[in-house]
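Open your viewer and get your selection tool ready. We will walk through this model a few residues at a time.

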Amino acid sequence: QITTMVDMYKAGQIEQANEKIVDGRLICTYDTNTTDLDKGYRLVFSFTGNKLEKLDYMVTTKGNPTLDASTMDDLAERCKKLKETTGGINGINVSCDYSEGKLIEKQGFTYAEIDAEQLDSAYSEAGGTYPQYTNGQDMDSIETGMNASGYTCKRERN
């Protein structure tokens, strides 16, 4: 068995446990529960050479279809407004999927294409704040910040 493992390692079929992934994705998740709503956050950072290129940000909000309808409607409306105000901006894609008691809001950022000033004003107009990352930002600092904020993060190859 040991010989087989050594042969597999030499053939590149087994990664070293401490080998840092510098080309791939960092997937961070966080769940919160309030009295009324459950929210799940999922951020997928894509990077090459340990430098940020893209972010796919998804928030899933669940509430009671009857009791929380007004709150959920407001959140869906805010998402819709964000989608409208960012519609003409390169490098960002917003989608809102609202069904009874559940809202899935997705935001995709391709940082090389984004005019940060234009995006800031669009988010301000829509009443939101967008994740303040920049093209080529060091992934180690992003990962450290996400972990410090309570997210659970994992790197994986594409």
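**Stop one: a pair of cysteines**

Start by selecting Cys28, which counts as buried because its relative accessibility is 0%. Keep in mind as you go that this is a predicted model.

Now add Cys153 to the selection. Cys28 and Cys153 form a disulfide, with their sulfur atoms 2.1 Å apart. Cys153 is buried too, at a relative accessible area of 18%; the cut-off for buried is under 20%.

Turn the view until you can look along the S-S bond. The angle about that bond is 115°, and the link of Cys28 and Cys153 is right-handed. Next, colour the two strands involved: Cys28 lies in strand S1 (residues 24-33) and Cys153 in strand S6 (residues 152-156), so the disulfide ties together parts that are 125 residues apart in sequence.

**Stop two: the other disulfide**

How many disulfides does the structure hold? There are two, so select Cys79 and Cys96 next, which are joined by a disulfide with an S to S distance of 2.0 Å. As a reminder, a disulfide is a covalent bond between the sulfur atoms of two cysteines.

Look along this S-S bond as well. Here the angle is -95°, and the link of Cys79 and Cys96 is left-handed. Cys79 sits in helix H2 (residues 69-86) and Cys96 in strand S4 (residues 92-99), so this pair ties together parts that are 17 residues apart in sequence.

Are the two partners buried or partly exposed? Cys79 is buried, with a relative accessible area of 1%, whereas Cys96 is partly exposed at 29%.

Before moving on, show both links together. Counting the bonded cysteines along the chain, the disulfides follow the pattern 1-4, 2-3.

**Stop three: a charged patch**

Switch on the surface and select Asp73, Asp74, Glu77 and Glu84, which form a negative surface patch. Then centre on Glu84, a residue of helix H2. Glu84 counts as exposed because its relative accessibility is 56%, and the cut-off for exposed is over 50%.

**Stop four: a loop**

For the last stop, select Thr35. You will find Thr35 in the loop between S1 and strand S2 (38-48). Thr35 counts as exposed, with a relative accessibility of 81%.

Finish by adding Gly63 and drawing a distance between the two C-alpha atoms. Thr35 and Gly63 are 9.6 Å apart in space, C-alpha to C-alpha, and 28 residues apart in sequence.

Technical notes. Residues are numbered from 1 along each chain as its sequence is written. This is a predicted model: local features need pLDDT of at least 70, side-chain atom pairs count only at pLDDT 80 or more; totals for chains, interfaces and linings use all residues. Side-chain values use heavy atoms; hydrogens and water are left out. A disulfide is a pair of cysteine sulfur atoms within 2.5 Å. Helices (H or I, at least four residues) and strands (E, at least two) are DSSP runs, numbered from the N terminus. Buried means under 20% relative accessible area, exposed over 50%, partly exposed in between (1.4 Å probe, protein chains only). Patches are made of residues with over 30% relative accessible area and no salt bridge: like charges are joined within 9 Å, nonpolar side chains (Val, Leu, Ile, Met, Phe, Trp, Tyr) within 5 Å. Accessible areas come from the Shrake-Rupley method with a 1.4 Å probe; for residues, only the protein chains shown count as cover. A salt bridge is a side-chain nitrogen of Lys or Arg within 4 Å of a carboxyl oxygen of Asp or Glu. Lys and Arg count as positive and Asp and Glu as negative; His and the chain ends are not counted. The place of a charge is taken as NZ of Lys, CZ of Arg, CG of Asp or CD of Glu.
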